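This briefing introduces one protein chain to a reader who is new to structural description. Please examine the sequence and the model shown below before reading the points that follow.

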Amino acid sequence: MKVSVDPERCISCGLCISLCPDVFDWNDDDKAYAIVDAVPADQQECAHEAVESCPTEAIRAE
Ligand code: SF4
């Protein structure tokens with residue numbers, strides 16, 4: 001599983017980073033981004049939760 005954040009949609013609410021701090025972090029523009037290329041097995045549950053919880057549907061999982 002891979003995740004990516006669309007910076008145009010991200011409103012910097014911080015939810016994904018709170019839910020899954022080993023997968024998401026802030027970039028230099030204060031938008032969230034995925035810090036891992038492939039989501040580790042033990043992080044998939046929180047990554048899914050972040051995808052489902054993002055208020056602007058900015059996170060795409062593939
Ligand atoms: S939950 Fe969505 S809007 Fe909020 S920081 Fe993460 S990607 Fe951005």
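Tryptophan 26 is partly exposed, because 14 other C-beta atoms lie within 10 Å of its own, a count between the limits of 12 or fewer for exposed and 20 or more for buried. This residue belongs to strand β2. The model is a predicted one, and the points below are arranged by topic.

**Surroundings of tryptophan 26**

- Apart from neighbours within four places in sequence, tryptophan 26 is in contact with Ile17 and Ala32.
- The C-alpha atoms of tryptophan 26 and glycine 14 are 8.4 Å apart in space, and the two residues are twelve apart in sequence.

**Glycine 14**

- Glycine 14 is found in the loop between β1 and α1.
- Is glycine 14 buried or exposed? Glycine 14 counts as exposed, because 12 C-beta neighbours lie inside 10 Å and a residue with 12 or fewer is classed in this way.
- A separation of 9.1 Å lies between the C-alpha atoms of glycine 14 and cysteine 54, which are 40 residues apart along the chain.

**Overall architecture**

- The chain contains two helices and four strands.
- Their order along the sequence gives the pattern β-α-β-β-α-β.
- The chain is as compact as a globular protein of 62 residues, because its radius of gyration of 10 Å is close to the 11 Å given by the globule rule for that length.
- The C-alpha trace spans about 30 × 20 × 20 Å along the principal axes of the chain.
- Among the 62 residues of the chain, 23% count as buried.
- Of the contacts in the chain with a separation of 6 or more, 62% are accounted for by residues 24 or more positions apart.

**The nonpolar core**

- Which residues touch the most other members of the largest nonpolar core? They are Cys16, Val23, Phe24 and Ala50, in a core of 14 residues.
- Two or more residues of this core come from each of the elements β3 (32-34) and α2 (44-53).
- When residues up to four places away in sequence are not counted, cysteine 16 touches Phe24, Ala32, Ala50, Cys54 and Ile59.
- Two of these partners, Phe24 and Ala50, are also named with cysteine 16 among the residues that touch the most other core members.

**The ligand shell**

- There are 14 residues around the ligand, and Cys10, Cys13, Leu15, Cys16 and Cys54 come nearest.
- How many residues of the shell around the ligand are nonpolar, polar and charged? The shell divides into eleven nonpolar residues, three polar residues and no charged residues.
- Cysteine 16 therefore appears in two settings, being one of the residues that come nearest to the ligand and a member of the largest nonpolar core.

**Residues with a positive phi**

- Serine 12 is not a glycine, yet it has a positive phi of about 60°.
- The position of serine 12 is in the loop between β1 (3-5) and α1 (15-19).
- Serine 12 is partly exposed, because its 13 other C-beta atoms within 10 Å exceed the limit of 12 for an exposed residue and fall short of the 20 needed for a buried one.
- Aspartate 30, which is not a glycine either, has a positive phi of about 60°.
- Aspartate 30 lies in the loop between β2 (24-26) and β3.
- Aspartate 30 counts as exposed, because it has 10 C-beta neighbours inside 10 Å and the limit for this class is 12 or fewer.

Definitions and conventions
Residues numbered from 1 in each chain as written. Predicted model: local features only at pLDDT ≥ 70, side-chain atom pairs only at ≥ 80, totals over all residues. Rg over C-alpha atoms; globule rule 2.2 N^0.38 Å. Contact = placed C-beta atoms within 7 Å. Core = buried A, V, L, I, M, F, W, Y, C linked by C-beta atoms within 7 Å. Near = placed C-beta within 6 Å. Nonpolar A, V, L, I, M, F, W, Y, C, P; charged D, E, K, R; others polar.
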